Amino acid sequence: TLVLPIVWIGIAFFLAYAGLESSASNWSYKLFTTSRAVAEDTAGFWVSVYGASFTVGRILFGFIVNRFNSISLVRFCLAGVIVGAILFWWNPTTTMGFIGLLIYGFMLAPVFALVITQTQERLGPLHGPNAIGFQVAAASFGFGILPGLAGIIANQNGLEIIPPYLLVMCIVMMILFEVWLRQKDKRQDPIVLPE
């Protein structure tokens, strides 16, 4: 399974996905309170709303997923994540920054499940389960390492670097998804055992 380029692209995609989710979760409170002078209770409320947006997004998209092409839905969600990241960065008013974070989380919410399902469909029973295992492992790695990288960058450049960092990672994730889609499906490949 690991000799397939489509698998490595999927691994990179899930690493970026989980890093985006956790970086916003880990750094938005500090950004709001330290850099944007938001009251602690207000910042805490909006970071909690960000977390809740994942639950709401996964439930709502779960109801409509069968009515749309899943690839189009992922593209729509990734575009929404970028819009949310831009609003979070732009922050013309504090409320707009909060709304950007909310959109970011809501639109990011269904992407994990949608791409996991597409992985099984594209790679079939031979490579699908292995690829999904690698993707989930990459997500765990991204969940831990990318917020740390964001912290290192913020330590050198200030907390306001976090939103553009998220935006760049969103764009990278969208590019990875498009490259992943252009890889050949592998659901029919035979098992080749080493000699």
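# Loops, core and helix packing in a predicted model

Visitor: In this predicted model, where does Asn-91 lie?

Guide: The model is a predicted one, and in it helix H3 covers 70–90 while helix H4 covers 94–108. Asn-91 belongs to neither helix, since its place is the loop between H3 and H4.

Visitor: Does Asn-91 count as buried or exposed?

Guide: The relative accessibility of Asn-91 is 18%, and a residue is called buried when that value is under 20%. Asn-91 therefore counts as buried.

Visitor: Which backbone atom does the side chain of Asn-91 reach?

Guide: Leaving aside neighbours within four places in sequence, Asn-91 is in contact with Arg-36 and Gly-97. Phi of Asn-91 is near 50°, a positive value in a residue other than glycine. At a distance of 3.4 Å, its side chain reaches the backbone nitrogen of Gly-97.

Visitor: Ala-37 also has a positive phi although it is not a glycine; is Ala-37 buried or exposed?

Guide: Ala-37, with a phi of about 55°, is found in the loop between H1 and H2. Its relative accessibility is 70%, and exposed means over 50%. Ala-37 therefore counts as exposed.

Visitor: Which residues touch the most other members of the largest nonpolar core?

Guide: The largest nonpolar core has 58 residues, and H1, H2, H3, H4, H5 and H6 each supply at least two of them. H1 gives the most to this core, with 13 residues. The members that touch the most others are Phe-13 and Tyr-104.

Visitor: Leaving aside neighbours within four places in sequence, which residues are in contact with Phe-13?

Guide: Phe-13 is one of the two residues that touch the most other members of the largest core. Once its neighbours within four places in sequence are set aside, its contacts are Leu-78, Val-111, Val-115, Met-173, Leu-176 and Phe-177.

Visitor: Which residues does Glu-21 touch, not counting those up to four places away in sequence?

Guide: Glu-21 is found in helix H1, and because its relative accessibility is 18%, Glu-21 counts as buried. Not counting residues up to four places away in sequence, Glu-21 touches Tyr-50, Phe-54, Arg-58, Tyr-104, Leu-108 and Phe-143.

Visitor: Are H2 and H4 roughly parallel or roughly antiparallel to each other?

Guide: The axes of H2 and H4 are 7 Å apart, and the two helices pack at an angle of about 30°. Residues making the contact include Trp-46, Tyr-50 and Phe-54 of H2 together with Phe-98, Leu-101 and Tyr-104 of H4. H2 passes H4 in a right-handed crossing. Angles under 35 degrees count as roughly parallel, and H2 and H4 are therefore roughly parallel.

Visitor: What is the orientation of H1 and H5 to each other?

Guide: The axes of H1 and H5 come within 4 Å and cross at roughly 40°, and H1 passes H5 in a right-handed crossing. Roughly parallel would require an angle under 35 degrees, and roughly perpendicular one of 65 to 115. H1 and H5 are therefore oblique.

Key: Residues numbered from 1 in each chain as written. Predicted model: local features only at pLDDT ≥ 70, side-chain atom pairs only at ≥ 80, totals over all residues. Heavy atoms only, no water. Buried < 20%, exposed > 50% of the residue type's maximum accessible area, 1.4 Å probe, protein only. Polar contact = N/O pair within 3.5 Å; in protein donor to acceptor, adjacent residues only side chain to side chain. Contact = heavy atoms within 4.5 Å. Core = buried A, V, L, I, M, F, W, Y, C linked by side-chain atoms within 4.5 Å. Axes fitted to C-alpha atoms, helices over the stretch in contact; angles between N-to-C directions. Parallel < 35°, antiparallel > 145°, perpendicular 65-115°, else oblique. Left-handed = near helix turned anticlockwise from the far one by under 90°.
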